[in-house]
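Take a look at the model shown here. This report walks through its sheets, its helices and its buried parts.

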Amino acid sequence: MITNEAVLDALSRVQEPELGADLVSLRMIRNIQIEGDRVEFTLVLTTPACPLAMEIQEQCEEAVRRLPGVRDVRITVATDVTSSAALPPENLVQTVKNVVAVGSVKGGVGKSTVAVNIAVALAQRGAAVGLLDADVYGPDIPMMMGCERTPVQTDGKFQPIVRHGVRFFSFGCLVPEETPIIWRGPLLHTGIRQLLKDVLWGELDYLIVDLPPGTGDVPLTLSQSVALTGTVIVTTPQQVALRVALKALKMWRQSGVPILGLVENMSYFVCPGCGIRTDIFDSGGAERAAREAGMPFLGRIPIDLRIREGGDQGTPIVIVDPRADPAVAFREIASRIAAQVSMRNVMSLGRS
Ligand code: ADP
């Protein structure tokens with residue numbers, strides 16, 4: 001006779017490759033039901049953007065099929081995004097499971113472009129996603145998302161604007177464009193906190209925050225105010241003259257904010273006419289820097305006219321041309337980020 005224990009035992013031999021532990025310890029197997037020679041259960045993934053979902057499902061099926069007496073295995077796949085275990089002194093957005101910041105050492109490296117495309121890519125996979133434009137020096141997310149209208153306010157709270165399946169809000173919505181404000185120190189701290197608590201974010205799996213460039217105050221404010229799972233750093237290959245990048249990474253680390261990994265943007269250019277690839281800004285610098293600093297390298301994105309046009313026209317490339325190579329690259333990076341988030345959350349759970 002097939003028993004629950006035997007099924008659990010078989011599944012405890014299947015590893016979640018990204019998370020480095022077995023599915024049973026990770027509580028990813030639920031609702032086992034046995035009827036005659038049929039075994040049914042639910043496989044609960046830690047993110048809808050799980051890069052290895054098919055592989056894990058196949059391994060589960062194989063493991064259970066090997067049990068004597070089993071003829072039929074039925075797996076229902078569900079998702080339950082893990083929550084950040086980071087406990088800020090005061091959590092301003094309790095309904096958000098994970099806050100992921102996107103930062104850069106310098107401006108103009110494509111940080112906002114990456115933030116927009118990964119937010120939309122995660123939403124396309126079925127996650128509940130928010131996007132907060134905290135780049136006070138150039139709040140251009142409304143343009144990139146294709147919606148610059150003023151958000152609706154009810155009882156002193158703002159409704160986020162919904163576009164491409166993502167709820168977003170921008171610093172630019174609070175401050176008219178022509179108002180020159182020098183945001184720094186306490187003012188910046190107050191502004192960011194206001195954006196977090198005065199926007200009705202609702203239940204979110206991921207809130208992606210587009211940081212101002214540099215290693216400044218905002219990540220620190222975030223880590224004190226929300227469940228900040230970590231930061232993704234965007235860089236171009238040439239500025240990663242290793243020394244500079246490593247110095248910056250050290251500074252991020254010293255501020256106590258976990259780094260989920262590095263993204264190399266504007267990595268190379270493929271000529272649409274002849275197909276020849278050119279490494280305009282050199283290539284591979286970010287991967288080397290990530291390796292040296294002992295942190296994950298999340299992937300590289302080419303320079304592509306369609307990325308810039310998508311940004312200017314408010315339709316990110318993952319929407320307008322989902323099969324294009326850069327869109328595939330953005331989706332893979334989004335999946336790797338989601339995997340890093342799950343991994344950190346599961347590891348912190350193990351420690352608590
Ligand atoms: P940052 O947020 O770092 O200041 P942005 O995301 O605003 O940078 O990007 C700066 C400009 O470069 C934008 O016009 C954007 O569309 C463009 N851009 C960013 N990444 C790419 C890319 N991989 N290929 C082509 N254009 C890009």
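The sections below start with the smaller topics and build up from there.

## The three-stranded sheet

This is a predicted model. One of its sheets is open and has three strands, in the order E3-E4-E5. The pairing in this sheet is mixed. E3 and strand E5 (72-79) stand at the edges. Each has a single partner strand, so one side of each is left without a neighbour in the sheet. Neighbouring strands here are turned by 15° against each other on average, direction ignored.

How many bridges join E4 to E5? There are eight, and the two strands run parallel. Leu43 stands opposite Val77 in E5. As a rule, strands of a sheet pair through backbone hydrogen bonds, either parallel or antiparallel.

## Two helices on that sheet

Helix H1 covers residues 4-11. It lies across E3 and E4 and runs at about 135° to E3. Which residues of H1 are buried? They are Val7, Ala10 and Leu11. Seen down the axis of H1, its buried residues fall within an arc of 95°, so they line one face of the helix. These buried residues pack against strand E3 (29-35), strand E4 (38-45) and helix H2 (53-65).

H2 also lies across this sheet. It crosses E3, E4 and E5. Its direction is at about 150° to E5.

## Two threonines to find

Start with Thr42, which is found in strand E4. Is Thr42 buried or exposed? Its relative accessible area is 12%. Buried means under 20%, so Thr42 counts as buried. The side chain of Thr42 makes a polar contact with the side chain of Asn31, at 3.3 Å. Beyond four places away in sequence, Thr42 touches Met28, Ile29, Arg30, Asn31, Thr76 and Ala78.

Now move to Thr47, in the loop between E4 and H2. Its relative accessibility is 2%, so Thr47 counts as buried. The side chain of Thr47 reaches the backbone nitrogen of Ala49 at 3.0 Å. That side chain also makes a polar contact with the side chain of Tyr206, at 2.8 Å. Leaving aside neighbours within four places in sequence, Thr47 is in contact with Thr79, Val81, Tyr206, Ala338 and Ser342.

## The eight-stranded sheet

Another open sheet has eight strands. Their order is E10-E11-E7-E12-E6-E13-E14-E17, with mixed pairing. Which strands are at the edges? They are strand E10 (161-163) and strand E17 (297-300), and each pairs on one side only. Neighbouring strands of this sheet are turned by 25° against each other on average, direction ignored.

Look at E6 next. Eight of its nine residues are buried, so E6 is mostly covered. Six bridges join E6 to E12, and these strands run parallel. Val100 stands opposite Ile208 in E12. Six bridges also join E6 to E13, again running parallel. Here Gly103 has Ile233 of E13 as its bridge partner. Towards the edge, strand E14 (residues 259-264) and E17 pair in the parallel sense over three bridges. Leu262 has Phe297 in E17 as its bridge partner.

## Helices on the eight-stranded sheet

H3 lies across strand E6 (96-104), strand E7 (129-133), strand E11 (166-170), strand E12 (204-210), strand E13 (228-235) and E14. It runs at about 170° to E12. Helix H5 (residues 185-197) packs on the sheet too, touching E7, E11 and E12. The direction of H5 makes about 155° with that of E7.

## The nonpolar cores

In soluble globular proteins, nonpolar side chains tend to be buried together. The largest nonpolar core in this model has 44 residues. Which of them touch the most other members? They are Leu131, Ile208 and Ile337. The largest share of this core, nine residues, comes from helix H3 (residues 111-124). Apart from it lies another core, of 37 residues. Among its members are Ala134, Leu195, Val209 and Leu249.

Leu131 is worth a closer look. Not counting residues up to four places away in sequence, its contacts include Ala115, Val116 and Ala119. Also among them are Phe168, Phe169, Trp201 and Ile208.

How values were computed: Residues numbered from 1 in each chain as written. Predicted model: local features only at pLDDT ≥ 70, side-chain atom pairs only at ≥ 80, totals over all residues. Heavy atoms only, no water. Buried < 20%, exposed > 50% of the residue type's maximum accessible area, 1.4 Å probe, protein only. Helix = DSSP H or I, 4+ residues; strand = E, 2+ residues; numbered from the N terminus. Arc of directions from axis to C-beta. Contact = heavy atoms within 4.5 Å. Polar contact = N/O pair within 3.5 Å; in protein donor to acceptor, adjacent residues only side chain to side chain. Core = buried A, V, L, I, M, F, W, Y, C linked by side-chain atoms within 4.5 Å. Pairing = 2+ DSSP bridges. Axes fitted to C-alpha atoms, helices over the stretch in contact; angles between N-to-C directions.
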